[in-house]
Amino acid sequence: MFNKMKQRKISLSFLLLLTNILVFGQKKQPFYWGVATAAYQVEGAYQTDGKGESKWDFLTNKVGITQFTIGEKQTGNVAINMYDRTQYLKDLALLKQLGANAYRFSLDWSRIIPDGTGAVNEKALAHYDQLIDDVLAAGLEPFVTIYHFDYPVVLMQKGGWGNPAMIDWYMNYASVVMKRFGKKVKHFITFNEPYIEFFLVENMLHEQENKHIPPKEYYMSQMQKAHRQLIANAKAIELYHSLHLKGQIGIVLNVNPGAAWNANNAADVKAANFQDILINGLFLDPLYKGKYPQMAMDSLAKYNPSFQPSASDLAFIAHNKPDFLGINFYAPAVVKGEDSAMSLKWLDNNPDAVKSNVGPVMPEYLYKMLIRLKKDYGNPTVYITENGTGFAGEDVVKDGKINDPLRIDYIQRHVTWALKAKKEGANLGGYMVWSGWDNFEWVSGYTKRLGLIYVDYKTQERIPKQSFYEYKQLIKKHKGL
Ligand code: BGC
């Protein structure tokens, strides 16, 4: 009896597979287990092979941005040396050893089109072509982020996303990338975390540099840039689909569900709800529902009345939906009643006794978000494109080893909650740890380690941490999901 049932089950899944191959021309996708990186944080080689100066080259070398945050100038000039093929081949071999089947990384616009809009740099394209081949040869599915915070500095000097022409500049670059790599890469990502780019990092910079615009007005003025990025995202999706490349294209959002500091305090609950709208709804609603949340529009009317998105723009965004949604989940946004939602106050609220580098450890909010995407946003295919953590003092080498129990506990609990949501019908297709390796952590420089693999920044030596081996076990346990 059991055997018969098993047989029926097998033939049913075989039939489903066959239908997939015949109807959709593609095999059923496996559950992806991987790690993620981004070009500026890992590549180094900041002047190699004709690379142009990028926004982050400029911010780190010329503005000295990390001086404001960590009191010392640090840059990604060398980073973890991953532009070097000898180095990255060793790194890919480690991912193979991990048992991963996916690797998310980003391309550097300032390598491919050094002055932003002019000639294409063949050396850079050849480099990434080789990298993609090497990733595939290591048995890893490449998830390629076209744009991860960084772009040629000449475009920043022309206003960046503050300039309406940025949409065309981005489209020119994105089309070079899609046409060159679209046959090999089956998962493209248009943008990484518009909220973090415009409302967090640029807001922090603004506070350092120039205080004459009142904070709420400045905060809301950023909406114009975010809106342009959403239009560019829709245009890139439209272009990708028109190329019939037999793969998928999506966008990555940071999701930080609002959580009241005290769930029994009405003011905290109200503030958490508003914060949630300004972080998550602000992007999810236009992408999936073709409108901005009313509460956000009300604040925009007050602090940035010139922001008037047209109905046709909104319809265009919703019409060109991403094929998948990448979510980067680290922590909820814990909020107190007195915090302004148009600020970064929420980043300071952490009730945990032992505090991580990336906010309070509350994995149940990852589950809640996945269920919410299922219920309120049409259950899109979701990949967790980043999840990970670090704790001060944990990543130290002792007898050639790194024991990082807090990171292990974090990853295990997040995977458990994510898989629970999947079991309950959330359309979850993969999970990636940020990051594979310790690397250049933007405004925090090299002071925050988030990798599964320890990097000695002086020698470039790699040492897999205990969390690497535990993640390997997790992947093994859930193979074939
Ligand atoms: C970014 C990564 C970053 C990570 C950890 C995300 O906001 O996409 O580039 O390193 O968080 O802070």
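## Ligand site, pocket and cavities

The ligand occupies the largest pocket of this predicted model.

Me: How do you know that the ligand sits in the largest pocket?
Reply: A molecule is placed in a pocket if more than half of its atoms lie within 2 Å of the pocket's grid points. The space taken by the ligand is the largest pocket, so the ligand meets that test.

Me: Which residues surround the ligand?
Reply: Gln41, His148, Asn192, Glu193, Asn328, Tyr330, Glu386, Trp434, Glu441, Trp442 and Leu450 do. The cut-off is a heavy atom within 4 Å, and therefore each of these residues counts as near the ligand. By class the shell has 4 nonpolar, 4 polar and 3 charged residues.

Me: What makes the pair between Asn192 and the ligand a polar contact?
Reply: A polar side-chain atom of Asn192 is 2.9 Å from a ligand oxygen. The limit for a pair of N or O atoms is 3.5 Å, so the pair qualifies.

Me: Why do Trp434 and Trp442 count as polar contacts of the ligand?
Reply: For Trp434, a polar side-chain atom lies 3.2 Å from an oxygen atom of the ligand. For Trp442, the distance from a side-chain N or O atom to a ligand oxygen is 2.8 Å. Both values fall within 3.5 Å, so both pairs are polar contacts. As for cover, the protein takes up 90% of the 310 Å² of accessible area that the ligand has on its own.

Me: What is the volume of the largest pocket, and what lines it?
Reply: The volume is about 1,200 Å³. The lining has 50 residues, and Ile196, Leu200, Met204, Leu347 and Lys448 are the closest to the centre. Two or more lining residues come from each of α4 (65–70), α10 (194–209) and α11 (215–221). The largest share, 7 residues, belongs to α10. By class the lining has 26 nonpolar, 16 polar and 8 charged residues.

Me: Why is a space called a cavity and not a pocket?
Reply: In a cavity a 1.4 Å probe fits but cannot get out, whereas a pocket is open. By this rule there are 5 cavities of 30 Å³ or more.

Me: What is known of the largest cavity?
Reply: The largest cavity holds about 110 Å³ of space. Of its 13 lining residues, Val42, Glu43, Met82, Tyr103 and Leu131 are the closest to the centre. The elements that give two or more residues are α2 (39–42), β2 (102–106) and α7 (122–137). With 3 residues, β2 gives the largest share. The lining divides into 9 nonpolar, 3 polar and 1 charged.

Me: Which residues line the second largest cavity?
Reply: Among them are Ala39, Tyr40, Trp109, Tyr147, His148 and Tyr173. His148 is also one of the residues around the ligand. The volume of the second largest cavity is about 60 Å³, and its lining has 8 nonpolar, 2 polar and 2 charged residues.

Me: What makes the peptide bond from Trp434 to Ser435 worth a remark?
Reply: The bond is cis, with omega near 0°. Most peptide bonds are trans. Ser435 is in the loop between β10 (428–434) and β11 (453–456), and Trp434 is one of the residues that surround the ligand.

Me: What is the phi of Glu193, and where does this residue lie?
Reply: Glu193 has a positive phi of about 50°, although it is not a glycine. Most residues other than glycine have a negative phi. Glu193 lies in the loop between β4 (187–192) and α10, and it too belongs to the residues around the ligand.

Definitions and conventions:
Residues numbered from 1 in each chain as written. Predicted model: local features only at pLDDT ≥ 70, side-chain atom pairs only at ≥ 80, totals over all residues. Heavy atoms only, no water. Polar contact = N/O pair within 3.5 Å; in protein donor to acceptor, adjacent residues only side chain to side chain. Areas by Shrake-Rupley, 256 points an atom, 1.4 Å probe, with all protein chains shown as cover. 1 Å grid on protein atoms, 1.4 Å probe; cavity = no way out; pocket = protein on both sides within 12 Å on 5 of 7 lines; lining within 4 Å. Nonpolar A, V, L, I, M, F, W, Y, C, P; charged D, E, K, R; others polar. Points joined across faces, edges and corners; volume = space filled by probe spheres on them. Helix = DSSP H or I, 4+ residues; strand = E, 2+ residues; numbered from the N terminus.
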